[in-house]
Structure formats: C-alpha cells, structure tokens
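Hello,

Here is the structure I said I would pass on. Please open it beside this message and follow along residue by residue.

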Amino acid sequence: MMAPQVVSSPFLKPFFLKTPLSVASSRRQRRHTLPASEFRNLTPQDAISVFEIEREAFISVSGECPLTLDEVLSFLGQCPELSMGWFEEGQLVAFIIGSGWDKEKLEREAMTTHVPDSPTVHILVLSVHRHCRQQGKGSILLWRYLQYLHCLPGLRRALLVCEEFLVPFYQKAGFKEKGPSAITVAALSFTEMEYQLGGLAYARRNSGC
C-alpha cells in the first residue's frame, strides 16, 4: 500500500514576515535555521500539536473537540493533502484539517469519514493557537487553503458547518449559506456553508499550479 502523497503547491511555499512571532521564547535561539513562517501539509507527526490546539480552543466553548486524537491521526494518515498547517519558527500556530466527501450535504458520518477521490472537501476544523488569536491568522490561513484547493485536480467545492456567529467570517472568505445542518453536537446546532472551487482555470494558469 502506497503512502499518500503530500502535494507541492505555490501556496505551500515558505514566506517571510517582517516581524515573526515566537510562540515559545526557546525558539528564538533557532531563528537562523527555521523559516520565519511556513505553510505545509500536516503529517501524523503533527497530530499531538494539532490536538492540543484544538482541545484548548473547543473544550471551553462546547465541552468537546470536533476530532479526537485518534481521528486526527486517521485523517492525517489518509488525506494529508487536504490539510494545511501554519508554522512559525517550527511551531504550529494554526491549522485546517479536511477530508473527502461524496454527498450533496454533510451528515454526521462526515465527521469521521474520508471518501477518496471525491469532488468535495469537508473542512472539519480550523483552529488557531491561543497566543496567536485576534491577529487575522484564521482568515489568512483559510484564504491560502482555499487557493491551494484550487490547485488540486478534481475538486469542485468545499463544505463546512459552523455556529451562527461564525457565518459572517466564512461569508467574507466566499462561502455561501446552505441552511441548517443535520449535524449537531450536544445542544449546539450548526449552519452548513459551501464554497465553489470550479470555474477558475485562469487563476490556476496564473498561480503556478
């Protein structure tokens, strides 16, 4: 069985900030050897860092994580090409995990299932490290992730579910409301959002994809 390939894309190349953020002061000693800021696909080796950020972000809000550690490991093993992490000086500061889905709308099964070779990406979770919030990192990461998805052949759209207060955030990124989601977590209800990936051949030709 062949291991999943991590996709090369211009949207995953390192870029450099004028004022790089150091989440941990101990990282400063290695600043000369690590990119100030780097976007790349996640791997199972990143799972613990992913889960720690996710747990801190969601437990205080909803009482549970969207993904367990085992599910994070599963998705990063099956479809690493549908993930993206933002690293600053080697430290994970924000991430997105996606999976394949093959139905018109998301169902509860989509939270634990990856459907290979499907035209739809289900964005399972987007999370930012607590020390890096309120800095626009979520918006930047989502934009780069969507541009990256445009480079992957065969994809037509991205779906996600979010709480009502997050609908404007995703609308600013180009998502459209599809209505109430069938997915619920405890007492929380969600809105399903859709982003169309098709029809951007010109953008692909001019992005280096």
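S99 is buried, because its relative accessible area is 0% and the cut-off for buried is under 20%. This residue is found in strand β3, which covers residues 91-101. Leaving out residues up to four places away in sequence, S99 touches F75, C79, L82, A110, T113, H114, T120, V121, H122 and L124. Keep in mind that the model is predicted.

How far can you trust it? The mean pLDDT of the chain is 82, and 74% of the residues reach 70 or more. Among the elements of the chain, β3 has the highest mean pLDDT, at 97. The lowest mean, 44, belongs to helix α5, residues 201-205. Two stretches also need care. Over residues 1-11 pLDDT stays under 50, and the model has 27 contacts beyond four places in sequence for them. Over residues 13-31 pLDDT again stays under 50, here with 36 such contacts.

Next, strand β2. G85 is found in this strand, which runs over residues 83-88. With a relative accessible area of 0%, G85 is buried. Beyond four places in sequence, G85 touches E38, F39, R40, L42, L92, A94 and F95. T43 sits 42 residues from G85 in sequence, and the two C-alpha atoms are 9.5 Å apart in space.

After β2 comes a residue with a backbone angle to check. E89 lies in the loop between β2 and β3. The phi of E89 is near 50 degrees, a positive value in a residue other than glycine. Is E89 buried or exposed? At 1% relative accessibility, E89 counts as buried.

D117 also has a positive phi without being glycine, with a value near 55 degrees. Its place is in the loop between β3 and β4, the latter being residues 120-128. D117 counts as exposed, because its relative accessibility is 85% and the cut-off for exposed is over 50%.

D117 also belongs to the lining of the second largest pocket. The other lining residues include E81, L82, G100, H114, V115, P116 and S118, as well as L152, P153 and L155. Two of these names, L82 and H114, also appear among the contacts of S99. About 210 Å³ of space lies in this pocket. By class, its lining has six nonpolar, three polar and two charged residues. As background, rolling a probe the size of a water molecule over the atoms shows where empty space is left.

The last part is helix α3, residues 137-150. How does its length compare with what its 14 residues should span? At 1.5 Å a residue the expected span is 20 Å, and the end C-alpha atoms are 20 Å apart, so the two agree. The helix is mostly covered, with eleven of its 14 residues buried. Among the buried ones are K137, G138, R144, Y145 and H150.

L142 is another buried residue of α3, at 1% relative accessibility. Not counting neighbours within four places in sequence, L142 is in contact with I96, I123, L126, F169, Y170, A173 and F175. A94 is 48 residues from L142 along the chain, and their C-alpha atoms are separated by 10.0 Å. A94 was mentioned above as a contact of G85.

Regards

Key
Residues are numbered from 1 along each chain as its sequence is written. This is a predicted model: local features need pLDDT of at least 70, side-chain atom pairs count only at pLDDT 80 or more; totals for chains, interfaces and linings use all residues. Side-chain values use heavy atoms; hydrogens and water are left out. Helices (H or I, at least four residues) and strands (E, at least two) are DSSP runs, numbered from the N terminus. Buried means under 20% relative accessible area, exposed over 50%, partly exposed in between (1.4 Å probe, protein chains only). Contact means heavy atoms within 4.5 Å. On a 1 Å grid over the protein atoms alone, a cavity is a set of points where a 1.4 Å probe fits but cannot get out, and a pocket is an open set with protein on both sides within 12 Å along at least five of seven lines; lining residues have an atom within 4 Å of a point. Grid points are joined across faces, edges and corners, and a volume is the space filled by probe spheres set on the points. Ala, Val, Leu, Ile, Met, Phe, Trp, Tyr, Cys and Pro count as nonpolar, Asp, Glu, Lys and Arg as charged, and the others, Gly among them, as polar. The expected span of a helix is 1.5 Å times one less than its number of residues. pLDDT is the predictor's confidence in each residue, from 0 to 100.
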